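Here is a brief report on one protein model. It covers aromatic pairs, a nonpolar core and a pocket.

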Amino acid sequence: RCRLALEHHRSESHLNPEYHAVMHAHLAEVLSRLDDSREVVNAAVFAVPEELRRTRPAQDRWSVAEVLEHLAKVDRFFAERIASAIEEARATGVGPEQSVRDPLPQHVAAKMGDRTERREAREAVMPTGAVETNAAWADLDRARQEVHAAVVGGDGLALGTIKVEHRFFGVLNIYQWVELTAAHEVRHADQIREIGAALQDR
């Protein structure tokens, strides 16, 4: 399954080579997971016929376009949380990264991968349904770049010591927030595949 691309234990050979020489290894690892999630989402969208991407499989379920709109809103919200936390830590004198990276807790990863456990999205990140598929898709790419820029802004700092609370999963450090962003995208890639299957079964 595509989710295997986001397993915690990856060899360095799978990291984006652009990251190797320019940033801390911990950061390169989690940003590579974000790259993987982009590929997973894109593959899921491409598998749904273009003319069906704004169609809901049922009245109470989202369309592919709505899922992309939601992902863009969540990624942007996460980027803001990350950037704010790094800025505050820098202002209080956070030091350089010297510790082993703690991965996203296994129970969090498991919950993100379990599509049988549904959670209601907060109002701020609910899709409007008014955004065309390609516009939502492009906005997701921009939002993902905002996550990238936010975390790269703290490259070399002890990001493992900078922690922000998540309303469902408790306190996570910055690296874990990036991994959570990737896992959230993969979760919704699974949803997009479910939508496509439901539409084509009609």
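## Aromatic pairs

The count of aromatic pairs comes to 4 in this predicted model. One of them joins Phe 77 and Phe 78. Their ring centres lie 6.2 Å apart, with 50° between the planes, and the pair is tilted.

Phe 78 also pairs with Trp 177. Here the centres are 4.9 Å apart and the planes stand at 90°. That angle is over 60 degrees, so the pair counts as edge-to-face. Ring pairs thus link Phe 77, Phe 78 and Trp 177 into a cluster.

## Burial and position of the cluster

Are the cluster members buried or partly exposed? Phe 77 is partly exposed, with a relative accessible area of 26%. Phe 78 has 5% relative accessibility. Buried means under 20%, so Phe 78 counts as buried. Trp 177 is buried as well.

What does the pair of Phe 78 and Trp 177 tie together? Phe 78 sits in helix H3, and Trp 177 sits in helix H6. The two parts are 99 residues apart in sequence, so the pair ties together distant stretches of the chain.

## The nonpolar core

The largest nonpolar core holds 54 residues. Leu 68, Ile 82, Leu 159 and Ile 174 have the most contacts inside this core. Five helices each supply at least two of its residues: H2 (25–46), H3, H4 (106–113), H5 (133–152) and H6.

Which residues does Leu 68 touch, leaving aside its neighbours within four places in sequence? Leu 68 is in contact with Val 41 and Val 45. Further contacts of Leu 68 are Thr 133, Ala 136, Trp 137 and Leu 140. Ile 192 completes the list.

## The largest pocket

The largest pocket has a volume of about 660 Å³. Helix H3 (64–91), strand E1 (163–166) and helix H6 (174–200) are the elements that give two or more residues to its lining. H6 gives the most, with 6 residues.

In total, 27 residues line this pocket. Nearest its centre lie His 70, Arg 119, Glu 120, Ala 121 and His 188. What is the make-up of the lining by class? The lining has 11 nonpolar, 5 polar and 11 charged residues.

## Shared elements

Helices H3 and H6 recur across these features. Both give residues to the pocket lining. Both also supply residues of the largest nonpolar core. The pair of Phe 78 and Trp 177 has one ring in each of these two helices.

Conventions:
Residues numbered from 1 in each chain as written. Predicted model: local features only at pLDDT ≥ 70, side-chain atom pairs only at ≥ 80, totals over all residues. Heavy atoms only, no water. 1 Å grid on protein atoms, 1.4 Å probe; cavity = no way out; pocket = protein on both sides within 12 Å on 5 of 7 lines; lining within 4 Å. Points joined across faces, edges and corners; volume = space filled by probe spheres on them. Helix = DSSP H or I, 4+ residues; strand = E, 2+ residues; numbered from the N terminus. Nonpolar A, V, L, I, M, F, W, Y, C, P; charged D, E, K, R; others polar. Core = buried A, V, L, I, M, F, W, Y, C linked by side-chain atoms within 4.5 Å. Buried < 20%, exposed > 50% of the residue type's maximum accessible area, 1.4 Å probe, protein only. Contact = heavy atoms within 4.5 Å. Phe/Tyr/Trp six-rings, centres within 6.5 Å; stacked < 30°, edge-to-face > 60°.
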